[in-house]
Amino acid sequence: MVNAQPTTDRRTRPRVGDSAAAEAAVLGAQKLNPFGDLHTLQHLSARLARGLRPVWETLLRREVRSFAEPLSVQRFADYRAERGDLLTGWLPLAMTPGTAGGPTHAWLVIDGRFLIEMLDLFFGGAGVAPLPMPAEFSPAADAMAVRVAGMFADALGTAWEPLARVSFEAGRLEQAADIDGEDAVIVTRVGVDTTAKPMFVDILYPVLALKPHGATLTGKVVDKAEPDPAWRNALARATMGVRFPVRSVLAEPVVPLSMLMELKAGDVIPIAIAPDVPVMVGRDRLGCGTVGTSNGRAAIRLTSLAQPESDEGLNP
C-alpha cells in the first residue's frame, strides 16, 4: 500500500539487487530486469525527489522533506495485487521519444486518500479525506490529479535531462494502467514527509518503455575522460583568433583652465612624450614601450611586460 510505513514497505517489496525476488525461480523464465543494476535510475529517482520538494510545498502548503525509496522490479500483476482494491489514481505519462513501435508511457500512481487530502487543501480545507472514502473520484479530484501529474511530468523531464533528452506529458486520469499483468515494471517510489506521516507516490516504468535507454541506464560514468584531440585543437585555434583592442597613451598634458577657455583653431598645445609609454589591453596594463615607426606607420616597441597581479590573468 502506498500509505504504508517505509520500514514495512521495504519488507514486502523486492529489491533490484535481490536476484531471487527480481527473477522467477524456474528454468527458462524471462528475467524481469534486463538492465542489471539500476544505480543510474536510482540516482535519477533521488534527483527527482529533490526537484519535487517545491511541488509538494505548493500542494501541501507547508515545508516538507522529499525523498526517494529504493527501486523494485516486479510483474505488474504482483504490484497490482499488492496495492489491493483501495481507491487509486492512475495517470499515464507519455514519454518522448518512444520506441519504434509507437509511444511509450510511464505511469503515475497516487493513493486516492492522498489525492483527496490535497484537493481539500487546495480549496482551503485542513487536508482531511472523508470517511468513508468514496468509491470513485469526483470531477474536481480528476482535475486535481491531472494538475499533480503535470507537475510531476515537468519535474521528471528535468530529472532525466543529465541522462537523456526525454520529455513527459501527463494524460487523463484512468481506472487502471494499460500494462499487461505479466509485463515487468520498475517501481520508483517518491515519499513526502509531512508533520503527520510519510505519504508516497509511485512512478512505474515498464521495462519495454526503458529499452531505448538501456545503454544509458547500464553505462558506466567515466570520471576523467580525455578530450577529443580534434576538438581541443579546434578550440585552441578559435581561442588564438580572439581579437583584443590594444591602446597606448602617448601624452597627458596639463594646462590651466584660462588657457583652455582661450583656445582657438590653429593653437598648439605642447606635449612631451616619455621614453616609455604604457600599452593597455582593456583596463589592464600589458607593459611599456618606446614610440617609433614600422613600415612607415607609427608603432610602439615593447620594452617590458607587466606581471599579472593574480593567477586569473587580465580583467575583461
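This note goes through the salt bridges and a nonpolar surface patch of a predicted model.

1. On the count of charged pairs, the structure holds seven salt bridges, and the points below take up some of these together with the burial of the residues involved. As background, side chains of opposite charge can pair when their charged atoms come close.

2. Within helix α3, which spans residues 39-60, E57 and R53 lie four residues apart, or about one turn of the helix. The two form a salt bridge in which the closest N and O atoms are 3.1 Å apart. Both partners have some access to the surface: E57 has a relative accessible area of 25% and is partly exposed, while R53, with a relative accessible area of 40%, is likewise classed as partly exposed.

3. A salt bridge also joins R65 and D193, with 3.4 Å between the closest N and O atoms. This pair links distant parts of the chain, since R65 belongs to strand β1 (residues 65-68) and D193 to strand β6 (residues 184-193), 128 residues apart. R65 counts as partly exposed at 45% relative accessibility, and D193, whose relative accessible area is 26%, is partly exposed as well.

4. Strand β6 also contributes R189, which pairs with D202 in a salt bridge whose closest N and O atoms are 2.6 Å apart. Because R189 lies in strand β6 and D202 in strand β7 (residues 199-206), the pair ties together parts that are 13 residues apart in sequence. Both R189 and D202 are buried, which means that each has under 20% relative accessible area.

5. Beyond these pairs, the model contains a network of salt bridges that links three residues by name, R75, D78 and E182.

6. Turning to the nonpolar surface, a patch is formed by L250, L257, L260, M261, L263, I269, I271, I273, V291 and I300, which together have about 900 Å² of accessible area. Helix α10, covering residues 257-262, gives the most to this nonpolar patch, with three residues.

7. L257 deserves a separate remark, as it is found in helix α10 and is also listed among the residues of the nonpolar patch. Its relative accessible area is 61%, so L257 is exposed, the cut-off for that class being over 50%.

8. For a reader inspecting the coordinates, which strands hold the two buried partners R189 and D202? R189 is in strand β6 and D202 is in strand β7, and the closest N and O atoms of this salt bridge are 2.6 Å apart.

Definitions and conventions. Residues are numbered from 1 along each chain as its sequence is written. This is a predicted model: local features need pLDDT of at least 70, side-chain atom pairs count only at pLDDT 80 or more; totals for chains, interfaces and linings use all residues. Side-chain values use heavy atoms; hydrogens and water are left out. Patches are made of residues with over 30% relative accessible area and no salt bridge: like charges are joined within 9 Å, nonpolar side chains (Val, Leu, Ile, Met, Phe, Trp, Tyr) within 5 Å. Accessible areas come from the Shrake-Rupley method with a 1.4 Å probe; for residues, only the protein chains shown count as cover. A salt bridge is a side-chain nitrogen of Lys or Arg within 4 Å of a carboxyl oxygen of Asp or Glu. Buried means under 20% relative accessible area, exposed over 50%, partly exposed in between (1.4 Å probe, protein chains only).
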